[in-house]
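The exercises below ask you to work through local features of a model, each followed by a worked solution. Please keep the sequence and the coordinates at hand as you read.

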Amino acid sequence: MRFVIIFLFLVQLTNSVFAQKSLNAIRIDKQINVDGILEESYWSIADKATDFIQRSPEPGGRPSQQTEVAVLYNDAYIYIGAWLYDDRPDGILTELTSRDHGGNSDRFTVYFDTYNDDLNAYEFSVSAAGVQSDARISPGSFDRNWDVGWYSDVSITDEGWFVEIEIPLSVLRFPDTEVQHWGTNFRRIIKRDNESVYWDEINPKVSGFVNQFGNMSGIKKIKTPLRLSITPYVSTYINRHTNPETNISQTFTNVRGGLDIQYGINDAFTLNMMLIPDFGQVISDNNVLNLGPYEVYNEERRQFFTEGTELFDKAGIFYSRRIGGRPIGFDNVEDQLREGEEIVRNPVESRIINATKITGRTRSGLGIGFLNAITNKSYATVKDSSGVEREIQTAPLVNYNVIVLDQSLKNNSFVSFTNTNVTRGGIYYDANVSAANFKVADKSNTYAVGGTAVLSHRYDFPEEGNDTGFNTNFWLGKTSGNFLYRLRHRLESDNYNPNDMGFIRSPNDHSTSVSLEYVEYDPFSKFLNFDAEVQVNYSRLYNPNVFTGINIESSVRATFTNFLTTRIWYEFSPVERKNFDETRTFGRFVLYPTYHSTGISMYTDSRKRFRISGWAYYALTSEAQRNSMSVSLAPRVRVNDRLSLSTSITGRNSSNSVGYVYSDEDEINFGVRDIRTITNVFTTKFSFTKDMDIYLRMRHYWSSAQYNEYLKLEENGRLGPTDYNSSHDVNYNAFNVDMVYRWIFSPASEFSIVWKSSALNNNDIVDYNYPNNFVNSFDAPRDNSISFKVLYYLDYLMLTRLKKSRM
């Protein structure tokens, strides 16, 4: 309540009214031939969107080139025509990329806010090379994994380049009213000048994006067509496991089939059901050596769980990698082994049987999301000395469920409720998490207050019975203008745990932070833009209520007129910090000394054939021999408009790092260690056409930890001598290859061939010779997989169109 009172004193309400442009869409009675030429007579009589305004590099400035856009529609499609005039047509950039990737190319984009709620929108984009991109936009999210079937074509002449787009009404959601009122905007990127222009101005000083769209009128008497699509798939896998140490190889093959169904329940809601899914072709995770107390976060790459899931991520309690993730009893198999038994197989993933989601938004702005997924039972296979095998269950049948209610409010505001539930069969516990979050801004969208309150509950938790925890996070601040600030307060109980379907590294937090930022958006002197920020963080534990630390962060970022961007930051802690997580024991802490750290990052102009980005970081504690240094360089070469090569090399060296190694009933032991890590990633892509490309990614990761001495944790948090002297040295290598050939032979339909290769080598012999580590990765047990997959998108509207074309 105190925060709200303070906020009310700070807020200066205004009655500012932002003038919005308006465009009239024209109804036609025929279908446009989408060829990028714009020769139909309808285009000449259509209302034109003109007078575009720069967003960058000079916000509010006049564009260097003339742009005109018109919108037509009939009962089945929305058509967009764009005249992108250019007095230097030979300077139009046309790099070929894979779908949904920008590249070094001019680009045209159209946005539709079909419910006119100033929060959510669709994006459809075409490059001058004809490459498509689409996305769903919601507050804080650009979901580029959203892919639908639509048509476009481009042409380039002496006058410039021209775009023609046909979007089926079946891929849009809009209210069931006779007269439509949509928010809309258009963007053009003139890549050679790094110039971005919008029809209705996008002012960087104003918080929000969709709320700055213009208006589109004239769309009347359209009905939501039958939105039904089926995408069946068939895939074949050839998997080979090779162990050079035993000289044994095993080959497995399997054929999979399934389908994805999308059905428009009504004008607002869509059902998406996935039956017998196949995620075997997703890019490999980045394996790392984890010596810390926290779980490693892996990015979600499975399309069903990345596409159209912006509602489910609203409260921050949904981590979709839990679905089909590691079985709950995976780590307990060794404890159930009988004498003479060994583990033969222990799957690290659970098999998803099906998944269903329903999403949509009503005319009143209420967004509703429902997701349900079921994973099958998992078993480990063990074998005794006589060769007899048996199975040990590692996971029961599990049901995952998410429900979201999200109400859009005026002034780029919202309030929402999210609930996640995990129900497990058998002796395993169940879990439930509920969250409410909100954001409320003033009329001018200058000041805002927001927050989240979460309650987690585990039923029949083995160690403690029912287990309940909570998390609250409230903030207020100034969100628009040159000068910005934010005050945040978090309170999180020690038994808060959303990790059955969410992700947090550690609970038990009582912290406050304040940040101040100044941003200069307009060019001045040698700068295109500039910002400086300082933040102070004060931390305590919730239980016990003790001080844990304070740190101050500051940074300066600038983009120069040559489009070089650099950032410099500095952070320090003026007092010793109490770390309660590293000890792995509740109530015990280790004292870490004060520290100073500084770093710099930079990246050069992306238009150049050769581009380099990188960063460097150095940290020094008050104990002079304990320091850490990291350096990363990432050069990229664009050979031509089809081929590009890039690599990223990152090295880290931590001297005399202190971390947990072992504990028993008598003492907790720490080790003083030197950690060296090198990560090398090489990628290349070649585009045959705008619909066909090949991509290669190779990653080698090496990390070693060599322990110099061992210490025991004293009651006061300091470290003292110990007799403990076991070896914990580790030398870790991970090598992955992902090669993907993809051909989009029809809208939303594709054929792909994927080769994946992975090897892990983990031992206790530290070798600081990096070439040796790289070579030794090839001697480790290796898994190779080659897969072929065909998926075909069948849409009711497309089938109707095909039938008419043959009549």
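**Exercise 1.** Does Lys 205 count as buried, partly exposed or exposed, and at what relative accessibility? Then describe the salt bridge in which Lys 205 takes part.

*Solution.* The model is a predicted one, so local features are read only where pLDDT is at least 70. Step one is the accessibility: Lys 205 has a relative accessibility of 28%, and therefore counts as partly exposed. Step two is the partner, Asp 522, which forms a salt bridge with Lys 205 in which the closest N and O atoms are 3.9 Å apart. This pair ties together parts that are 317 residues apart in sequence, because Asp 522 lies in the loop between strand 29 (509-520) and strand 30 (527-540), while Lys 205 lies in the loop between strand 13 (195-198) and strand 14 (214-217). Step three returns to accessibility: Asp 522, at 28%, counts as partly exposed.

**Exercise 2.** Determine how far apart in sequence the parts are that Asp 278 and Lys 789 tie together, and set this pair beside the one formed by Asp 691 and Lys 690.

*Solution.* Asp 278 forms a salt bridge with Lys 789, with 4.0 Å between the closest N and O atoms. Since Asp 278 sits in the loop between strand 17 and helix 3 (303-306), and Lys 789 in strand 44 (residues 782-791), the pair ties together parts that are 511 residues apart in sequence. Both Asp 278 and Lys 789 are buried. For the second pair, the side chains of Asp 691 and Lys 690 meet in a salt bridge at 3.3 Å, N to O. Here Asp 691 is partly exposed with a relative accessible area of 28%, and Lys 690 counts as partly exposed at 32%. To complete the inventory, the model has 34 salt bridges, and one network of salt bridges links Asp 86, Arg 188, Arg 192 and Asp 193.

**Exercise 3.** Work out the strand order of the open sheet of 5 strands, and name its edge strands.

*Solution.* The order of the strands is 2-4-5-11-10, and the pairing is mixed. The edge strands, each of which pairs on one side only, are strand 2 (26-27) and strand 10 (151-157). Within this sheet, strand 4 (residues 67-73) and strand 5 (residues 77-85) pair in the antiparallel sense over 7 bridges, and Val 71 stands opposite Ile 80 in strand 5.

**Exercise 4.** Analyse the open sheet of 3 strands in the order 18-21-22, giving its pairing and its average twist.

*Solution.* The pairing in this sheet is antiparallel. Strand 18 (342-345) and strand 22 (389-395) are the edge strands, each pairing on one side only, and the twist averages 40 degrees from one strand to the next. Strand 18 pairs with strand 21 (residues 378-383) over 3 bridges in the antiparallel sense, and the bridge partner of Ile 343 in strand 21 is Val 382.

**Exercise 5.** Describe the hairpin that strand 24 and strand 25 form, and identify the turn residue that has a positive phi.

*Solution.* Strand 24 (residues 413-424) and strand 25 (residues 430-441) run antiparallel and are joined by 9 bridges, with Asn 421 standing opposite Asn 432 in strand 25. The hairpin has 5 residues between the two strands, and the turn residue in question is Gly 426, whose phi is about 75 degrees.

**Exercise 6.** Establish the surroundings of Ala 46 and of Ser 630, leaving aside residues up to four places away in sequence.

*Solution.* Ala 46 has its place in the loop between helix 2 (41-45) and strand 3 (53-56), and counts as buried at 6% relative accessibility. Beyond its sequence neighbours, Ala 46 is in contact with Ile 26, Ala 70 and Leu 72. Ser 630 is found in strand 37 (residues 627-638), and its relative accessibility of 7% means that Ser 630 counts as buried. The residues that Ser 630 touches are Trp 615, Ala 616, Tyr 617, Gly 651 and Arg 652.

Note on methods: Residues are numbered from 1 along each chain as its sequence is written. This is a predicted model: local features need pLDDT of at least 70, side-chain atom pairs count only at pLDDT 80 or more; totals for chains, interfaces and linings use all residues. Side-chain values use heavy atoms; hydrogens and water are left out. Helices (H or I, at least four residues) and strands (E, at least two) are DSSP runs, numbered from the N terminus. Buried means under 20% relative accessible area, exposed over 50%, partly exposed in between (1.4 Å probe, protein chains only). Contact means heavy atoms within 4.5 Å. Two strands pair if DSSP finds at least two bridges between them. Axes are lines fitted to C-alpha atoms, for helices over the stretch in contact, and angles run from 0 to 180 degrees between N-to-C directions.
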